[in-house]
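Trainee: Could we walk through this structure together? I would like to understand the reasons behind the words people use for its parts.
Mentor: Gladly. Have a look at the picture, and then ask away.

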Amino acid sequence: MKSQTIWGVCTTTNAPIKDVLRFAAHYLEAGAHRIWVHLDAPNDPAYDALKAHPKCRVVSCDNTYWQRGFGKRPEKHQVRQSWNATRAYARAKDVRWLLHVDVDEFLVSEGSIDTQLSALSKQILSLRVRPMEALASPIPEVLPSAFKSFIPPGPQRQETVDQLYPNHGTHLKGGFLSHVAGKLFVRTGHGDVKFRIHNVFSGEDMNPGSIEADNMQIAHLHAPNWDTWRARLDYRLEKGAYRAELSAGELSKSGARPLHIKLHKLLAEKGEAGLRKFFDEVAMDTPALRERLDKKGLLRLHPLELDTKLADHFPAQRENSSTV
């Protein structure tokens with residue numbers, strides 16, 4: 001059956017080749033017509049495999065690329081991501097919708113993505129897809145298959161979070177380590193569109209004509225296992241998802257206390273053991289956490305089968321690529 005609408009996805013990444021190709025394979029399997037991958041490091045080994053696929057558009061973001069397009073390489077990776085997404089949007093002539101996500105974010109849907117997008121009225125210019133955050137796999141080589149679902153904002157949200165995580169819930173916005181804002185599909189063909197990480201601007205208007213998706217979620221592998229989360233923690237505290245500048249406004253309104261303060265305090269006072277105890281309560285896939293989530297209607301089981309998709313779409317790369 002011919003697709004009712006055509007959509008694409010874009011990302012910027014410096015992840016290992018296996019993660020990059022898993023990402024591309026997932027979206028090819030999901031029905032994306034076009035995949036833009038901006039490789040944030042020069043000489044990335046994923047370049048050749050992506051370049052060979054007819055539905056992938058791969059860009060090596062070396063110094064020449066940034067000098068020609070931006071004048072210099074932006075220091076903040078958030079700026080590089082936003083600029084690349086805006087660039088992809090301007091070139092997205094063969095898709096009607098463009099989704100901007102990170103390489104650890106995987107769109108899942110209860111039905112055809114094409115059908116849902118084609119049913120939206122012309123007045124809807126952006127569609128927000130909320131996340132579900134992975135429960136960390138106790139076996140590093142095994143990808144997560146269980147997720148905690150998004151809790152809609154409201155007077156009961158923080159109470160629910162505190163019940164789920166009695167020792168640390170007050171530091172988790174919506175019960176997540178990472179964002180609850182989700183990511184956007186944006187209808188193409190409009191001028192002066194500029195992407196941000198979780199929003200889009202059309203001229204001076206932020207997220208014009210925006211609604212929330214009912215039957216799609218972003219499966220976010222923010223902390224797929226303890227080792228990966230711990231290895232990325234220092235960077236996230238300094239420049240990423242846990243940096244101090246994110247805490248001032250949005251977190252205080254939600255009722256959650258700044259996560260970066262909690263994490264720094266844990267390390268200073270209780271060391272690695274304290275940090276691990278925190279992680280085990282709020283992120284590790286355990287029977288106890290599954291039971292608490294299930295009682296609240298927030299447990300989602302969704303095996304992504306990324307290695308199967310990788311073998312199907314990039315068969316020559318499966319055995320040769322690095323591990324997670």
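**Reasons behind the words**

Mentor: Let us start with strand β4 (residues 97-100), which is covered on both faces: Trp97 and Leu99 on one side, and Leu98 and His100 on the other, are all buried. Please keep in mind that this is a predicted model.

Trainee: Which strands pair with β4, and in what sense?

Mentor: Strand β1 (residues 7-13) runs parallel to β4 and is joined to it by four bridges. In that pairing, Trp7 stands opposite Trp97. Strand β9 (residues 183-187) runs antiparallel to β4, with three bridges between them. There, Leu98 of β4 has Val186 of β9 opposite.

Trainee: What makes three bridges enough to call β4 and β9 paired?

Mentor: Pairing asks for at least two bridges. With three bridges, β4 and β9 therefore count as paired.

Trainee: What is the strand order of the open sheet of five strands?

Mentor: The order is β5-β14-β7-β8-β15, and the pairing is mixed. On average, neighbouring strands of this sheet are turned by 35° against each other, direction ignored.

Trainee: Why are β5 and β15 called edge strands?

Mentor: Each of them, β5 (105-109) and β15 (299-301), pairs on one side only. For β5, the partner strand β14 (residues 216-220) is antiparallel, over five bridges. Along that pairing, Phe106 stands opposite Ala219, and Ser109 stands opposite Met216.

Trainee: Is β5 largely enclosed or largely open, and how do you know?

Mentor: Four of the five residues of β5 are buried, so this strand is largely enclosed by the rest of the structure.

Trainee: Let us turn to helices. Why is α7 called roughly antiparallel to α9?

Mentor: The axes of helix α7 (residues 226-238) and helix α9 (residues 259-282) cross at roughly 170° and come within 13 Å. Angles over 145 degrees count as roughly antiparallel, so that is the word for α7 and α9.

Trainee: Which residues meet there?

Mentor: From α7 come Trp226, Trp229, Arg230, Leu233 and Leu237. Among their counterparts in α9 are His260, Leu263, Phe278 and Phe279. By class, this contact of α7 with α9 has nine nonpolar, two polar and three charged residues.

Trainee: Why is Arg232 called partly exposed?

Mentor: Arg232 is in helix α7, and its relative accessibility is 31%. Partly exposed covers what lies between under 20% and over 50%, so Arg232 belongs in that class. The C-alpha atom of Arg232 is separated by 10.0 Å from that of His222, ten residues apart along the chain.

Trainee: What makes α1 roughly perpendicular to α11?

Mentor: Helix α1 (residues 17-30) and helix α11 (residues 306-313) pack at an angle of about 85°, with axes 8 Å apart. The range for roughly perpendicular is 65 to 115 degrees, so α1 and α11 fit the term. On the α1 side, the residues that meet α11 include Lys18, Leu21 and Arg22. On the α11 side, Leu306, Asp307 and Lys309 are among them. The residues of this contact divide into five nonpolar, two polar and five charged.

Trainee: What is the phi of Asn43, and where does this residue sit?

Mentor: Asn43 has a positive phi of about 60° although it is not a glycine. Its place is in the loop between β2 (34-39) and α2 (46-51). With a relative accessible area of 75%, and the cut-off for exposed being over 50%, Asn43 is therefore exposed.

Trainee: How do you know whether Asp192 is exposed, partly exposed or buried?

Mentor: Its relative accessible area is 48%, so Asp192 counts as partly exposed. Asp192 also has a positive phi, about 55°, without being a glycine. This residue lies in the loop between β9 and β10 (193-195).

Trainee: What is the average pLDDT of the chain?

Mentor: The chain averages 93, and 94% of the residues score at least 70. Over residues 248-252, however, the pLDDT is below 50. Beyond near neighbours in sequence, that stretch has seven contacts in the model.

Trainee: Why should a low pLDDT make me careful?

Mentor: Where pLDDT is low, the predicted coordinates should not be read in detail.

Terms used
Residues numbered from 1 in each chain as written. Predicted model: local features only at pLDDT ≥ 70, side-chain atom pairs only at ≥ 80, totals over all residues. Heavy atoms only, no water. Axes fitted to C-alpha atoms, helices over the stretch in contact; angles between N-to-C directions. Helix = DSSP H or I, 4+ residues; strand = E, 2+ residues; numbered from the N terminus. Parallel < 35°, antiparallel > 145°, perpendicular 65-115°, else oblique. Contact = heavy atoms within 4.5 Å. Nonpolar A, V, L, I, M, F, W, Y, C, P; charged D, E, K, R; others polar. pLDDT = per-residue confidence, 0-100. Buried < 20%, exposed > 50% of the residue type's maximum accessible area, 1.4 Å probe, protein only.
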